[in-house]
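Student: Could you go through this structure with me, a piece at a time? I'd like to start with one helix and then move on to a sheet.

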Amino acid sequence: MNNETTATTVPVELLRKYDRPGPRYTSYPTAPVWTDEVGTEAYVDALGRASQHPDAPLALYCHIPFCRKRCYYCGCNTYITNNPARVDDYITNLCREIERTAGLLKPRRKVNQLHFGGGTPTYVDITGMAAIFDCLEEHFDFVQGGERSIELDPRVTTREQLDFLIRRGFNRVSIGVQDFDPDVQEASGRVQPEKTVTDMLDYCHRLNLKGINFDLIYGLPRQTVAGFMATLDKTIALRPDRLAVYSFAYLPTVKSHQSRIRPEELPSTEVKYQLFAAAVEKFTAAGYRQIGMDHFALPTDELSLAQADGRLHRNFMGYTVQSAPEMIGFGMSSIGYVDNSFFQNHSKLDSYKQSVSGDGLAVFRGMRLSDDDLIRQYVITSLMCNFRLKFSELKTRFDIVYHDYFGDDLAGLAGFVDDGFLVESETGLTITPLGRTFVRNIAMTYDAYLKSDSKKATFSRTI
Ligand code: SF4
């Protein structure tokens, strides 16, 4: 057994020391610094420039915002409805946006990654899904061996839908589990008997799906260390290929539905640290490799293999081995990255609909990256994905000398070295197995937009 499959113990005092507001770095620069000065016009220009590289592959993201009932802890861009007309109308607008965007990208059509997220993508029935897939396939060419993935809510996804997804080329799924404890589920407003998860997992295995992911959440009401340990043990016994363990941020003043959670039932900050430390220790002891701070994958999973080879990538869809640096987002609140610029669609259903019915696009904010942004983006992505940074790569790609360029910014790294998170050599930086849990904190060293505390306060806490 090598270092990467040995259990990593994360001392609670280090979690306490480094728990502070900080970005998750699904993008750099992060969304709070994007501006509404970058809108549809800039998007049309960026798509025009992107169209000049017809052979470069794209990643596509489709957001399906609907859910039947809101989980009390939900932090997603979702829309609760039981009105099928709303869904039909959304599909019409989504297809309109796909068609208009593809027209602006022409002749660029090649796609190597497609992801459906939500909300609950399988809220849409097979007829509705077929309409969306037909539209995508009419306007884009999906390359052989590409990735097609979708988020599944085991409470609403049927076997017929899974059969259909397989027929339409889907090969990756992510299952929302959160916690197996019925008491936690009740207090969280998401009752999901264990059997619904195990039945779905069995069926996914029968369909030969790979890269099956479980989402878990720590910090939910009524979670205890003993109870969460039981959830971790059950998860390990089921052996999904991948795991994501997210922190629940209780923000009832921002997300009013969270006020249905009783604050006295939430675990204390100290217990929350213990829940996360237990997850890292149990999953690494069970042979999972830590991918980023809070993701784990079996050593045989392609995410682990890619990380070992330094070819792991990260975008808004999460970690991936597909190297499509440009991503197009479709649907309410979706985010894209084209021509070194981020673009985000309207986050409310009615404003999304209104914009798309107008000129066919729905971007309301974005950001064009400067040369400095691109350098820092590269450093942060390299640390978040591959847990290392080669100084020579910075010279080759950007013609800069690492120490000269970052200068005083680097003073903040000494503490990470002292705490055993980071090793610096003449050729680069390597994050240690212990340091993986604190990779967001390390990445913050290179973030040029975190100078003021008011900016930091817009983010969730790092633990
Ligand atoms: S299923 Fe997911 S998106 Fe829908 S309400 Fe629950 S947490 Fe939110």
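**One helix and one sheet**

Tutor: On helix α4, the face turned away from the buried side carries the exposed residues T127, D134 and E138; bear in mind throughout that this is a predicted model.

Student: And which residues of α4 are buried?

Tutor: The buried residues of α4 are M129, I132, F133 and L136. Seen down the helix axis they fall within an arc of 95°, so they line one face of α4.

Student: What covers those buried residues?

Tutor: The cover over the buried residues of α4 includes β1 (58-64), α3 (84-105) and α5 (159-167).

Student: How far apart are the end C-alpha atoms of α4?

Tutor: They are 20 Å apart, and this agrees with expectation, because the 14 residues of α4 (residues 126-139), at 1.5 Å a residue, should span 20 Å.

Student: OK, now the sheet. In what order do its 3 strands come?

Tutor: The order is β17-β19-β18, in an open sheet with antiparallel pairing. The edge strands, each pairing on one side only, are β17 (388-390) and β18 (422-424), and from one strand to the next the twist averages 15°.

Student: How many bridges join β17 and β19?

Tutor: β17 pairs with β19 (residues 428-431) over 3 bridges, in the antiparallel sense, and the bridge partner of L389 is L429 in β19.

Student: Which helix packs on the sheet?

Tutor: Helix α12 (residues 371-386) packs there, touching both β17 and β19, and its direction makes about 135° with that of β17.

Technical notes: Residues are numbered from 1 along each chain as its sequence is written. This is a predicted model: local features need pLDDT of at least 70, side-chain atom pairs count only at pLDDT 80 or more; totals for chains, interfaces and linings use all residues. Two strands pair if DSSP finds at least two bridges between them. Helices (H or I, at least four residues) and strands (E, at least two) are DSSP runs, numbered from the N terminus. Axes are lines fitted to C-alpha atoms, for helices over the stretch in contact, and angles run from 0 to 180 degrees between N-to-C directions. Two residues are in contact if their C-beta atoms, placed from the backbone, lie within 7 Å. The expected span of a helix is 1.5 Å times one less than its number of residues. A residue is buried if 20 or more other C-beta atoms lie within 10 Å of its own, exposed if 12 or fewer, and partly exposed in between; C-beta atoms are placed from the backbone. The arc is that of the directions from the helix axis to the C-beta atoms.
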